[in-house]
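Reader: I have a model open on my screen and some labels that I'd like to understand. Can you walk me through them?

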Amino acid sequence: MTADVRLVRDVVARIDDREPLVVVIGDPILDRWTIGEAERVSREAPAPVVRVTETIAVPGGAANTAVNARALGARVRMVGLIGDDEAGTVLRDRLAAAGVETDFLVAVPGATTTTKSRIVGGDRVVVRVDDLAGVPTAGHTDQLAAAVARALRGADAAVVCDYGLGVTPESVLPVIDRDRPDVVVVDAHDLRGWHDLRPDLVTPNAGEATALLGTDLGLGAERADAVLAHREAVFAATGARAAVVTLDRNGTVLLEPGDERGFRTRATPASEQQASGAGDTFCAAASVALAVGSSAREAVQFAQAAADVVVREAGTSTCDTASLLRSVEAPAETVVDHDDLAAAVDAAHRDGRRVVFTNGCFDVVHRGHTSYLRQAKELGDLLVVALNDDDSVRRLKGPERPINTAEDRAGVLAALACVDLVTVFATDTPIPLLERVRPDVYVKGGDYSPEMLRETPVVRAYGGEVVMVDYVPEHSTSAVVRRIRETSGGDTA
């Protein structure tokens, strides 16, 4: 059992025991998904024609945060402005069906409920149409403030979700401050307006952090370093006790006073073409975890695990405790493609871990292989095994090899306790892969010398180390295959 599994189980148990009351104050949105097949291009315009097969309406925006908090076991009250239109009725009904208290929603006569409609053709969103609510009047903001005051009675946590659609600091900040619960979290497009609330945690995404700081955070993994470099500016702009910047596929960076290194979480890579609202799930999970006494680090790890669940789903999704536990208790994905391998190695390097890399055909895994791999693992923290695909094995070993397919060989290697990651490559040498991931140590068996390897100058050029480990000649794959053929009369089926 990993530490992450223990952490998630512990937080889930505390939520189940305490049933914290979380008040979500923000801008509720109705998300509509019209799903179908894009079969052809229209003659009227260069646009796909989508044959509709299904239409779904689900809570979005602050309402998505609310249903996620409820799905994770909290009692939830939703406070916000909606219209008295059909969309408002649907949104209220969907929230109530999810178990969220809706008595604190303020219906504005004649107003529009913010609705975001997405049309999905095949495997991608073709177009999104937004129908936005108008600016509320002073009378309605007064009603909203009164609803916040009622909802906060007995609350363990307040979560502000400000999308710039009606909930403003001027209308609700004084109310929250007057009857402040133990935990206050703010998720806002513009966090500066909530500075005087002194939130316990703010959760800007990369774009919001860029706007907040007025500086470009860059691309990819380098954004985490940029966030750390501007940690004091984040605190100054937000007034927060802690801030977690979410970076999509690059996970998150948690900033806390006195911790100059920050704390990273790593996202599980997933296709996100149709995913929406993972940030809402993250905010909800972190808030619920804080409401039951988790530290900021525990809360963001719990939240990352929940967000990893919903990014694997299409549409606006929620993460419940059962899905979360199934996700973290599932065996780790050991066989990865080159993109995921590069991400994992980059994450290991950022954590100060030493990456060891070896490669081979591993056609019939035997004691010589396991001894060799155990020695390789002892040279670092993360052992990567790169496996020749079937075509490259034939080129290297002859037309009768491999005995086992790449899929089977990868599965056997992945089952070994000393192996952390397995990937398959199609070239005769792993040089292109070595140049991409740059492991700290490149390992080969003692039947080679570094000078014999084409990989040696490549590894040494970027500062890596080449290490030879013991070789067990009597246990070579060729010897094993030969003995099988001698025993079976040549039949290796």
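Author: Sure, let's start with a pair of helices: helix 2 passes helix 9 in a right-handed crossing. Keep in mind that this is a predicted model.

Reader: Why are helix 2 and helix 9 called oblique to each other?

Author: Their axes cross at roughly 45°. Angles under 35 degrees would count as roughly parallel, and 65 to 115 as roughly perpendicular. The value falls in neither range, so helix 2 and helix 9 are oblique. The axes come within 8 Å.

Reader: What makes the contact of helix 2 with helix 9, by class?

Author: Three nonpolar, four polar and one charged residues. Asp counts as charged, and Asp-280 of helix 9 is among the contact residues, along with Asn-64 and Asn-68 of helix 2.

Reader: And which classes make up the contact of helix 9 with helix 10?

Author: That one has 14 nonpolar, two polar and no charged residues. The axes of helix 9 (residues 278-291) and helix 10 (residues 296-310) come within 8 Å and cross at roughly 145°, and the crossing is right-handed.

Reader: How do you know that strand 2 and strand 3 pair?

Author: Pairing takes at least two bridges. Here 13 bridges join strand 2 (residues 28-41) to strand 3 (residues 48-61), so they pair, and they run antiparallel. One example is Arg-40, whose bridge partner in strand 3 is Val-49. The two strands form a hairpin with six residues between them.

Reader: What is the mean pLDDT of the chain?

Author: It's 87, with 90% of residues reaching 70 or more. Over residues 488-493, though, the pLDDT is below 50. Where pLDDT is low, the predicted coordinates should not be read in detail.

Key:
Residues numbered from 1 in each chain as written. Predicted model: local features only at pLDDT ≥ 70, side-chain atom pairs only at ≥ 80, totals over all residues. Heavy atoms only, no water. Helix = DSSP H or I, 4+ residues; strand = E, 2+ residues; numbered from the N terminus. pLDDT = per-residue confidence, 0-100. Contact = heavy atoms within 4.5 Å. Axes fitted to C-alpha atoms, helices over the stretch in contact; angles between N-to-C directions. Left-handed = near helix turned anticlockwise from the far one by under 90°. Parallel < 35°, antiparallel > 145°, perpendicular 65-115°, else oblique.
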